[in-house]
Amino acid sequence: MFAFLVDARIALLNLVEHRRRTIFLGSAVAVVTMLLVLLTALSTGVRQTLIHSATTLSTGHLNIGGFYKVTAGQAGPIVTDYEKVLGVAQKALPEMDFAVERGRGWAKVVADRGSFQSAINGIDIGAEPAFKKALDIESGNIDDLAKPNTILVFEAQAKKLELKVGDAVTISSQTTRGVANTIDCRVAAIARDIGLLSQWNTFIPNESLRTLYQLRPDVTGAIQIMLKPQYVEHLAPLAARLRSSLEQAGYRVMEPDARPFWMKFQTVSREDWTGQKYDVTTWEDELQFLMWTLTALNGISIVLVVILIAIMVTGIMNTLWIAIRERTREIGALRAIGMQRGAVARLFLMEASALGLLGGCVGVVLGAGVAALVNAAHIPVPKAAQLFLMADTVHLAVEPGAVMFAIVLITLVSGAAALYPSLRAARLRPVDAMSHFG
Amino acid sequence: MKKNRLVAALFLLVTTAVLGPLRSNIAVAAATKQEMVDLLKGVDDRQKNQGDWKSGVYIEQKEKGKVAVVYDALVFRRSADQKFMILFQKPKASEGQGYLRVDKNLWFYDPAVGKWERRTERERIGGTNSRRSDFDESRLAEEYDPEDAGTEKLGAYDAQVMNLKGKAGLDLAFPVIKLWVDRDTKNVLKRQEFALSGRLLRTSYYPKWKKIFSESKKADIWYPQEIRFYDEVEKENSTLILIQTVDLHSLEPNLFTKAWLESKSR
């Protein structure tokens, strides 16, 4: 232990002694660490934004959805008897924070200037304060969505149909029995776009959705379950437990299928059953079509990190080669007064690791600072990127775990980069080293 | 006594004068209801082939701000078991696609994916504003209860107007229909379809009717050569159907099968 401390002291003194080199190499390590922190923060930020936007707009952390088939070929995305089903879920999931019911439908929204196909979401706005917070209302009053036959549309949709608050639109669809029906709605609010989901989603009161699809009051589209924060990352076992509880309660449950409900229509329509089947999904299932953005972003981050680390390793190795060359006589002297080969190697390893640790700490502080500045600056995301990132400004999330990971990774990589030069230095014979000139 | 007789005679006279026409009106109204049912049956019967049917149809869908979609298709029907099939021939992208009704299910086949998809019977054919029922045998009397809505002059034609309400328990695309029928020929001249909410969704015109002799029926049958649908929700959208050829000869027994439809795109 004492020897270790002595070696550590010598290593630190060496770093101080060769101040210029230490500053140069330490800065490079700090920059790499900072970039690593920022890339991780970007990836985490996008993931957080995606979860937040999506779980507010169109999915819970867990969902109980399903299909009711009047005939084998006629499937409606509805959950019958939802209050009893919610009761089962509440018993099965103590991890549940709260749950909301959302109507689901697909219809044509028609105005004087045109039309678009839309996923119609039924919402009880009074019961969803988080929804109100998640949306940035451009015009109108979101609370008016509590009134029957009102609709919330997004900026791009309003622009396409030249809609203003108070304008009338007709929503045209078929009931679950395939009968044509319409409702006339007044635009209550226009919200700013929040990515891909706002391209096709619109919101109307649950009661209006029930009128459109001729649904009974005990029928809804899906039960969206929000979990307490500590359970959000552990969805698979909770989904499995919920599925099994529903089955035990006598409900028919669909096989796990990691796709959003609207991608399951064809599969469900091909099957011969009729009546109700429930479906348990996670937010990742419901947003499976968006998850590739996270995967792609993570992939790009990993590639960039590998390149940066490779550059850093090359720099450290080169610098140590030079240092060893410069300090060959010093190594010879140390070996001559009795320092073992292992201690010499350890000395250089400690020097590099200490450099990595210091550079890493500085890099993390820099990264966190830059991330805070970027968040404060509310840098706008280009429109095309908004589609997938589901945010209109760049959000970077620096998490303590990611910070620790960055410091440990950089320290270990710095040490690893020094391994070969250190072993080479340790292999020098004292006589040769002391007679070295250069 | 004499006075009493006079009062009784007066009462009888008044009763006859007041209730007589009313009674005759009730009789007329009842007859009108039956007449409407008979008229609706007549509309169906005129078009019923009671055998096999093959027609070549042209479908054109115009939508605001979009390029017109045009299809050439063959429609096959068999009255005996209500078989129905559509095979698209043009455009190239839709060649080999088709709809087949098996029992109460309508199936759609796309050779590009090689899969059958079960669709609702009230599916918009090829994404146009036409439905399966627009190409199928007329079954208005089976599906709707008619009510007299008076008469109207529709161009040169005297039309009987009827309000049709979907019969309970039947899943119909349009729960309410208003129908204009030529009083002379019993051909449909105009039709308006309404949503459950009462909103007018589609107005159809049947400007040309043609007759053809049916061996299986041993009589002439009538079919609309041209049908024009106007979307009443999206006012600028319209669909045109032209029935260009009709062949009433017997079709192959195994025609109404998935295998047959699949074979057409191999």
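Colleague: What makes the crossing of H2(A) and H13(A) right-handed?
Modeller: The near helix is turned clockwise from the far one by less than a right angle, so the crossing of H2(A) and H13(A) counts as right-handed. Bear in mind that this is a predicted model.

Colleague: Why are H2(A) and H13(A) called oblique?
Modeller: Helix H2 (residues 19–57) of chain A packs against H13(A) at about 45°. Roughly parallel needs an angle under 35 degrees, and roughly perpendicular starts at 65. The angle fits neither, so H2(A) and H13(A) are oblique to each other. Their axes are 7 Å apart.

Colleague: What kinds of residue make up the contact of H2(A) with H13(A)?
Modeller: By class, 17 are nonpolar and eight are polar. No charged residues take part.

Colleague: How do you know that H1(A) and H13(A) are oblique to each other?
Modeller: The axes of helix H1 (residues 2–17) and helix H13 (residues 341–377), both of chain A, cross at roughly 55°. Again, roughly perpendicular would need 65 to 115 degrees, and roughly parallel under 35. Hence H1(A) and H13(A) are oblique. The two axes come within 8 Å. This crossing, too, is right-handed.

Colleague: Which residues of H1(A) and H13(A) meet?
Modeller: On the H1(A) side, they include Asp7(A), Ile10(A) and Leu15(A). On the H13(A) side, Arg346(A), Met350(A) and Glu351(A) are among them. By class, this contact has ten nonpolar, one polar and three charged residues.

Colleague: How do you know that the span of H15 is close to the expected one?
Modeller: Helix H15 (residues 400–427) of chain A has 28 residues. At 1.5 Å a residue, 40 Å is expected, and H15(A) reaches 40 Å from its first C-alpha to its last.

Colleague: Where does the kink in H15(A) lie?
Modeller: At Leu419(A), shortly before the proline Pro421(A). The kink is about 40°.

Colleague: What makes the phi of Asp81(A) notable?
Modeller: Most residues other than glycine have a negative phi. Asp81(A) is not a glycine, yet its phi is positive, about 60°. Asp81(A) sits in the loop between strand E2 (74–76) and helix H3 (82–92) of chain A.

Colleague: How do you know that the peptide bond joining Lys90(B) and Pro91(B) is cis?
Modeller: Omega is about 0° there. Most peptide bonds are trans. Pro91(B) lies in the loop between strands E3 (83–90) and E4 (98–102) of chain B.

Colleague: How many residues of chain B are in contact with chain A?
Modeller: 23 residues of chain B contact 22 of chain A. E6(B) gives the largest share of the chain B side, three residues. By class, that side has nine nonpolar, four polar and ten charged residues.

How values were computed
Residues numbered from 1 in each chain as written. Chains lettered and ligands numbered in written order. Predicted model: local features only at pLDDT ≥ 70, side-chain atom pairs only at ≥ 80, totals over all residues. Contact = placed C-beta atoms within 7 Å. Helix = DSSP H or I, 4+ residues; strand = E, 2+ residues; numbered from the N terminus. Nonpolar A, V, L, I, M, F, W, Y, C, P; charged D, E, K, R; others polar. Axes fitted to C-alpha atoms, helices over the stretch in contact; angles between N-to-C directions. Parallel < 35°, antiparallel > 145°, perpendicular 65-115°, else oblique. Expected span 1.5 Å × (residues − 1). Bend = angle between axes of the 7 residues up to and from the residue.
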